[in-house]
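Please look through the structure below with the sequence beside it, and then use the notes that follow as a guide to a few of its parts.

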Amino acid sequence: MRIKLVPNDPQSDPLISLPNLPERLSEYFLPSCERNYHFTSDFEYLEQRYLSEDCAMCWLDVIAYSKCVAHPVSDRPMLALVYMLQGSAPCVLEGHGDVLVRQGQVHLFYVPANTTHHANFRKGHYRIVYCAIAKTYLENLAKEYPDIAELLNSFAAESPKGLAGKPVSIETSALHQMHLVQQCTESEAFQQSHLKARCVDLVLDYVKQVKLDKRSHNKFGNDSVAKNEKIFIAKRIID
């Protein structure tokens, strides 16, 4: 399972992948994971993945050389929880619209395969972690977890091209689940089941926080936040 960052014009500026990792990025290397390095004329990124058949947890260190646009593309339909460790990026999700992926918050996206989305980067270093869960695996989990069933039902009512959930502040939980994945040193079979459990825990923590936020904010406050978010996204894209 993978979300790849594709350059704005892949015909004239293709994404190049190299087996050799730049030594200057070694300070960001994580233990016991799959590593890949990619670059174009506008940006480069180090990709580090922990994988199982139906889940993945991936760290991306994206270095934008200047203001640019990248297109996140998934290889299969998935639910993606995205956590920005460093930096914020205005994005456009096909079938949904503008989304600000903000540092310190966890964002939920339903991402169909091979759809075109847009991420706007300024010059700088962005650190992104995403937890991806295959849609088919989620459908099986929904039989056991009512909160996940409710989440999938909300997807069915929205655009089939893509969906963005409310961003939430569950930084402590997200960092804890990431740490557990990184530090697991058991057998490969155990690591894969452990990864699945951590991804499911993160989804359940997300849903729980969304419900808490919904109870604690009145409609006026939510409308104000949404309006301010749109203004911030417009300013970031124009600047």
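Helix H3, which covers residues 171-183 of this predicted model, has 13 residues and reaches 18 Å from its first C-alpha to its last, close to the 18 Å expected at 1.5 Å a residue. The points below begin with the surroundings of this helix and then turn to a strand, the nonpolar cores and the aromatic rings.

**Helix H3 and its surroundings**

- The buried residues of H3 include Ser 173, Ala 174, Gln 177 and Met 178, and further along the helix Val 181 and Gln 182 are buried as well.
- An α-helix has 3.6 residues a turn, so residues three or four places apart point the same way.
- Among the elements that cover the buried residues of H3 are the strands E4 (43-51), E5 (55-64), E7 (78-86), E10 (106-111) and E12 (124-134), and helix H4 (188-216) is also part of this cover.

**Strand E6 and its partners**

- Strand E6 (residues 68-74) is largely enclosed by the rest of the structure, because 5 of its 7 residues are buried.
- Strand E1 (residues 3-7) runs antiparallel to E6 and is joined to it by 5 bridges, with Ile 3 standing opposite Ser 74 of E6.
- Strand E11 (residues 118-121) also pairs with E6 in the antiparallel sense, here over 3 bridges, and Asn 120 in E11 is the bridge partner of Val 69.

**Nonpolar cores**

- The largest nonpolar core has 66 residues, and those with the most contacts inside it are Met 57, Phe 121, Ile 148 and Tyr 206.
- Helix H4 gives the most to this core, contributing 9 residues.
- When residues up to four places away in sequence are not counted, Ile 148 touches Leu 138, Leu 141 and Ala 142, together with Val 200, Val 203 and Leu 204.
- Apart from the largest core lies another one, of 5 residues, which includes Tyr 28, Tyr 37, Leu 46 and Ile 63.

**Aromatic rings**

- The structure holds 4 aromatic pairs, and one of them is formed by Tyr 50 and Trp 59, whose ring centres are 5.7 Å apart and whose planes stand at 75 degrees, so the pair is edge-to-face.
- Both partners of this pair, Tyr 50 and Trp 59, are buried.
- In another part of the chain, Lys 196 lies over the face of Tyr 137, at 5.0 Å from the ring centre.

How values were computed
Residues numbered from 1 in each chain as written. Predicted model: local features only at pLDDT ≥ 70, side-chain atom pairs only at ≥ 80, totals over all residues. Heavy atoms only, no water. Buried < 20%, exposed > 50% of the residue type's maximum accessible area, 1.4 Å probe, protein only. Helix = DSSP H or I, 4+ residues; strand = E, 2+ residues; numbered from the N terminus. Pairing = 2+ DSSP bridges. Phe/Tyr/Trp six-rings, centres within 6.5 Å; stacked < 30°, edge-to-face > 60°. Lys NZ or Arg CZ within 6 Å of the ring centre and 35° of its normal. Expected span 1.5 Å × (residues − 1). Contact = heavy atoms within 4.5 Å. Core = buried A, V, L, I, M, F, W, Y, C linked by side-chain atoms within 4.5 Å.
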